[in-house]
Amino acid sequence: MNTWTTAARDELERYFARLGPWLKATGADPAEVIEDLREHLRRELENEQLKAVTEADVRRVLGKIGAPEPELPSEPPQEAGAPSGSTRKEPLPPRPGYSLFLFGVALPLVTLILELTTGMCAAVFFDPLPTLGHVLLVALVPLANWLAWESLRKGRGNRVLWLAWLNALAVGVAAFYSVLYLPLMVPGLFAMIVYGWGLLPWSPMISLVAGLLLRRHLRRLAGTSGVPRLPAGWKGLLAAWGVILVLGLPDWATRVGLDLAASPEPATRQRGLGVLRSVGSEEAMLRACYGRTRNAANMDLVGLVLTGGRDVPPQTARRIYYRVKGRPFNGVPPPRVRTARGAFAELEDWTWDVDQAGEAVGGRIKGLHLRSSRLDAVADASAAWSYTEWILEFENTGSRQREARAQVLLPPGGVVSRLTLWVNGEEREAAFAGRSHTRQAYENIVRQRQDPVLVSTAGPDRVLVQCFPVPPNGGLMKIRIGITAPLLLPDAEAGLYLWPRFVERNFSIPENLHHTAWLEANNARAVTCEALRAETVKEGVQAARGELSDADLDPARSRVRLERSGGPLAFWTRDPRTLGDDIVEQGLLWTNRPPASRVVFAVDASVGMSDELPAVAEAIRNLPADIGADVILAGDEPVRLGVAEREGAPLSHEELARRVERARCLGGQDNLPALVRAWDLASESPGGVVVWIHAPQPAELSPADALRQRYDRRPGGPRIDAIQTRPGPNELLEALDGLAGVQSIPRLSALRDDLGSLLGRLTQGVRFIEFARRRRSGEGLRLEEAGRTGNHIARLWAKDEIDRLREKRETGAAIRLAGEFQLVTPVSGAVVLESQAQFEAAGLTPVDPQTVPAIPEPGTRALLVLGVAVLFLRRHR
């Protein structure tokens, strides 16, 4: 048996009093209907086994059984003589209309779904939903509004307390996003007026208003349900903003850290790096590396509040990323952009490429990949030269034209001597001219969205390759790069050939793609290669062929050893520029180098060196006792390890090695200050050398002027031998390009072995083979005493001569010589344009196809043999 409160009985009687006239007006029997409702209500309440029936229970069960709700009548007149303050029947609060459902539930739900599936705001302006937590918070707004709207429509006062809490949280979330979208509201209003769309930026503000109106309804419902008061709305708002603060802290801290790390003040920069290394978001840093449009930056209210609107440029962000993570930003996948199908499918790519037509490789471009790669090489083992042609085909599955860019590591001492581009199925040769001239022509054509390809140097033995446009939607672009290079001669019996390879690229290489490689060597007794199949073509001609993955291009696996046949040590060829007797001759000379008296190690303390420090320490232990040694550690500040902390006396090799092993590697470090200090220490001793051991250097963090000045003032100063631990970009070495005292050591095997071999040569004064090339008149020269070889030794002589002219600052003569021999050097470049008219407009002349080096393909050889046979038969007849 239920116990009814007085308020409950009064509520039921008030309901029946309103219901009777309404039933009578509809033609029904009020007494019969009211009796049925009373009985139905009694059974429902008994089933719920309530100890006390309250006013709210009566309203709830009436709604549950579907009792009709008549229009609220006016208050019945009081009986005569009744006091003016006698019992007054309170009406139920008005129910929320469908407009609140439309703007408080449907609109925010549609906005959330659109942003999740198309990522319009994330791709163009800022990401409002960077984490799953943000998605759940935003989803709370339509959910809380719907629960409140549905309960208010049915008069369910028993839920009013927890609905009020949900409503307060939803209002807090909507208030935050209303502030976040303030900069977009005016453009959205303009779009609604002019184009009829643009409501989405207003969705948070409209949802906020709807939430506040629903809260007013909840407050009225609470008053009629016996709830004394609702929880304060500010509590829910603070709770929502607190959760948003926790979720957004890594991203916001990253923005502040980037702003500090970009400061010109060293102390401020270090604080910024500390913040980023501790709590920085890699996703946010990568987004900064890829850049955004100025309009997007202007719409970022959070950035305006946190950093005063100072947007970190992409180039600066890339340097900071390297300082924090110790690796190049384009060595990892690009940041995720949440987009889907339909009209916004193109946003799935980054819609801007800040590096296009520039001199940096830049970030990876989604949809751009290498479709095929073919490497053909010929070599003369006796004359110790090689020529390689690398045919590359790029495919773009994205929706925009793209520029393919890559930095290529050439064989040691190599130079690009040919460049072609296929235009409408026809192969076009390049024009060779001054570096600035060819780049200007390339940039002009890129602006016209037509087909150019450009190759320019990017440091010792490195070139930057750029081709544009790779057409969208599966379009292809195909180029050929020819490379002339000497063989490495570790001894007189053999030469080493190294394949070119990528060290940085903005396109992907599918895992199933392999480089097809084929090398044929004349005057070779045998060839050996770990990754390729060796075979004998005919007597004196050996070959190595097969398929190589991109990782297999590492010289430790793919280097080819050519056993040289006995023969002359001098070779000659005609000067291809003249028709007279002028020749270029090359000799192989044994040279003695005195041992170094002191070796100063400049050791990179970037995080990528952590696993390499034991090999460095072992190399120091193995130094002869009479060779002085010191170490400058390139950390946030250069640190000298080679002296005792108190006495300042030199340390033993063993103690120095232990200090190297205990060194802490962190982030990416600026190696230039350490190199300068190492050079100064090495210059204190006659015969001092610097060995720079470093990871990739994707950013030039300090100007190289200090080191260049030292070599300008002391050309015979200490030599720097740079040995890089793994493939990757090296902008610092590029900045030092042209300094005769800086040499990049080719990597042939593990660091332990390569470092040991280098130090053995430095400290033991070994003999080694050098190339001596010169141009002279062949008149009266007994050429039969030397072997004749291909024109490639003339190109290598021209490369050496250009370096000598650059040292003497005769840049004009160097550019002319590079053009005559068709070489890409620090003063010259090569560019292919789409048409002859474009060449003429740029003041360039493409080379004659008859003057370029080439590798006859098997089909071409067969055609030549067949052609000769046909001519012979015709002549015989």
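## Two helices side by side

The axis of a helix is here a line fitted to its C-alpha atoms over the stretch in contact, and an angle between two axes is taken between their N-to-C directions, from 0 to 180 degrees. In this predicted model, the axes of helix α20 (residues 672–682) and helix α21 (residues 705–713) come within 9 Å and cross at roughly 25°. Because angles under 35 degrees count as roughly parallel, α20 and α21 are described as roughly parallel to each other. The crossing of α20 with α21 is left-handed, and the residues that make the contact are Leu672, Leu675, Val676, Trp679 and Asp680 on the α20 side, with Ala706, Leu707, Arg710 and Tyr711 on the α21 side.

## A second pair of helices

Helix α6 (residues 132–154) and helix α7 (residues 160–180) form another crossing, in which the axes come within 8 Å and meet at an angle of roughly 135°. This angle is neither under 35 degrees, nor over 145, nor in the range from 65 to 115, and α6 and α7 are therefore oblique to each other. The crossing of α6 and α7 is left-handed. Among the residues of α6 that take part in the contact are His134, Leu137, Val141 and Ser151, while the residues they meet in α7 include Trp162, Leu166, Val173 and Tyr177.

## The open sheet and its edges

Eight strands form an open sheet, and reading across it gives the order β7-β6-β11-β4-β3-β15-β18-β17, with mixed pairing. The strands β7 and β17 (533–538) stand at the edges, and because each has a single partner strand, one side of each is left without a neighbour in the sheet. Direction ignored, neighbouring strands of this sheet are turned by 20° against each other on average.

At one edge, β17 pairs with strand β18 (residues 541–548) in the antiparallel sense over five bridges, and Glu535 has Ala543 of β18 as its bridge partner. At the other edge, strand β7 (residues 426–429) pairs with β6 in the antiparallel sense over four bridges, one of which joins Thr420 to Glu429 in β7.

## Strand β6 and its surroundings

Strand β6 (residues 415–423) is mostly covered, since eight of its nine residues are buried. With β7 it forms a hairpin that has two residues between the strands, and Asn424 in the turn has a positive phi of about 55°. Strand β6 also pairs with strand β11 (residues 475–486), again in the antiparallel sense, over six bridges, and there the bridge partner of Leu421 is Ile479 of β11. Helix α24 (residues 792–807) lies across β4 (385–396), β6 and β11, and runs at about 85° to β11.

## Val312 and the cysteines

Where does Val312 sit? Its place is in the loop between α14 (301–307) and α15 (314–325). Because buried means under 20% relative accessible area, Val312 counts as buried at 14% relative accessibility. Leaving aside neighbours within four places in sequence, Val312 is in contact with Leu258, Asp259, Ala262, Ala317 and Ile320.

Val312 and Cys289 are 23 residues apart in sequence, and from C-alpha to C-alpha they are 8.8 Å apart in space. Cys289 is buried, with a relative accessible area of 0%, and Cys665 is buried as well, with a relative accessible area of 14%. The count of disulfides comes to zero, where a disulfide would need a pair of cysteine sulfur atoms within 2.5 Å.

Key
Residues are numbered from 1 along each chain as its sequence is written. This is a predicted model: local features need pLDDT of at least 70, side-chain atom pairs count only at pLDDT 80 or more; totals for chains, interfaces and linings use all residues. Side-chain values use heavy atoms; hydrogens and water are left out. Buried means under 20% relative accessible area, exposed over 50%, partly exposed in between (1.4 Å probe, protein chains only). Two strands pair if DSSP finds at least two bridges between them. Contact means heavy atoms within 4.5 Å. A crossing is left-handed if the near helix is turned anticlockwise from the far one by less than a right angle, and right-handed if clockwise.
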